[in-house]
Amino acid sequence: MSARALSVLGATGSVGRSTLDVVRRHPQRLRVHALTAQRDIAGLLALCVEFRPMWAALAEPAAARALAAALAAQGLPTQVLSGPEGIVQIAGDTQAELVMSAIVGAAGLVPTLAAVRAGRRVLVANKEPLVMAGALLMREAERAGAAIVPIDSEHNAIFQCLPAGFRCGHADPGVARLVLTASVGPFRDAPLDKLARVTPAEAVRHPNWSMGPKISVDSATMMNKGLELIEAQRLFGVPEPRIEVVLHPESVVHSLVEYVDGSMLAQLGAADMRVPIAHALAAPERWESGVRGLSLAEIGRLNFRPIEPARFPCLALARDALRSGGIFPNVLNAANEAAVDAFLGGRIGFTDIAAVIDRTLAAAAGAGLPGGDGLEDVLAVDAWARTAAVEAMSKRAVMHA
């Protein structure tokens, strides 16, 4: 059996590194065809030295030039592309059978779409493309014969609990309900009156998972679960009222599927992204991931409880956006990215994140934005929402002054 070619978009991030750790364990099954990153020259250089890909790309042109020079100095044959267009070229390269799409945020949309249009097996680790343009991605996957496989631990858990042969973008008539579990992050039990004073350093300190700063903040606000709610609807075709979110502090049960006959299936595993990554790379086979199996006796008990709406307003905003449909999930995502960036930069407070998103969604209702689901309209709405979120933050700063 020849090794399958894999491209990793976002190779130096946490999901990218976990993916490459699985690759190391299966050199006869997988070979690295291409690697991309935003600006991490040293990180991508080290990976190129180890995996010898045919292609590499950095989104920042100056960083790409530096990488090319460093590779040439070591006599390595990897060819370097630069800019977002270089990443898109790699994503759409039909020489790769598998594409891991792990670029954080809206920046991952166009590369993910390129991989889908190339008819590849696309492992989607970033929520934002499906939130922004789920209809477009599913339509293009159907047209090109691409397979979309979710990597988020919650969606991968659901995928594993669905019947064999299930394809994302289609509904299964036997499914009654989906249950997404949420570990929530560091503030699930913090006094509500202290949330306004939360610092970025506190917000990124997740008790169970090791993630990047943006995703960690999304976990703390529960916007990550709101985005996952929208993503689940896009992937599995289940209406919003039949998708539930419950708090599960242990992060052992990653999600559940209830069937119309009353059966409920759950996927359990360690809080380690190598588990869903190994599943998606190997399916329908099962490969060793490097993750130790669970000891249920050591865990002792599993806890579930309802979400407190007052503590996590972002989840309600996401539900409202999904119910409203059209442009609103896209606006929600863009406003959240802008607000989280401002919070991490110390420009707004933690509880301001939800307020900025709410104000941006309200402004979008009367803005006359394009309502199509083509790429041009999706990107236009995304750009408008980011500008509107910055304006909302400016007004909020004046109000707090």
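F159 and F166 are both buried in this predicted model. Their rings also pair up. The contact is edge-to-face, with 6.4 Å from centre to centre and 75° between the planes. That angle is over 60 degrees, so the pair counts as edge-to-face.

F166 has a second partner. With F236, F166 forms a tilted pair. Here the centres are 6.0 Å apart and the planes meet at 40°. Ring pairs thus link F159, F166 and F236 into a cluster. The structure as a whole holds 3 aromatic pairs.

What does the pair of F166 and F236 tie together? F166 lies in the loop between helix 7 (153-161) and strand 8 (175-182). F236 belongs to helix 10 (residues 223-236). The pair therefore ties together parts that are 70 residues apart in sequence.

How buried are these two rings' residues? F166 has a relative accessible area of 14%. F236 has a relative accessible area of 2%. Buried means under 20%, so both values qualify.

Now turn to helix 15, which covers residues 352-365. The helix has 14 residues. At 1.5 Å a residue, they should span 20 Å. The end C-alpha atoms are 20 Å apart, so the model agrees with that expectation.

Which residues of helix 15 are buried? They are D352, I353, A354, V356, I357, T360, L361 and A364. A general rule helps in reading such a list. An α-helix has 3.6 residues a turn, so residues three or four places apart point the same way. Look along helix 15 with that spacing in mind, picking out buried residues such as I353, I357 and L361.

Note on methods. Residues are numbered from 1 along each chain as its sequence is written. This is a predicted model: local features need pLDDT of at least 70, side-chain atom pairs count only at pLDDT 80 or more; totals for chains, interfaces and linings use all residues. Side-chain values use heavy atoms; hydrogens and water are left out. Helices (H or I, at least four residues) and strands (E, at least two) are DSSP runs, numbered from the N terminus. The expected span of a helix is 1.5 Å times one less than its number of residues. Buried means under 20% relative accessible area, exposed over 50%, partly exposed in between (1.4 Å probe, protein chains only). Rings of Phe, Tyr and Trp (its six-membered ring) pair if their centres lie within 6.5 Å; planes under 30 degrees apart count as stacked, over 60 as edge-to-face and the rest as tilted.
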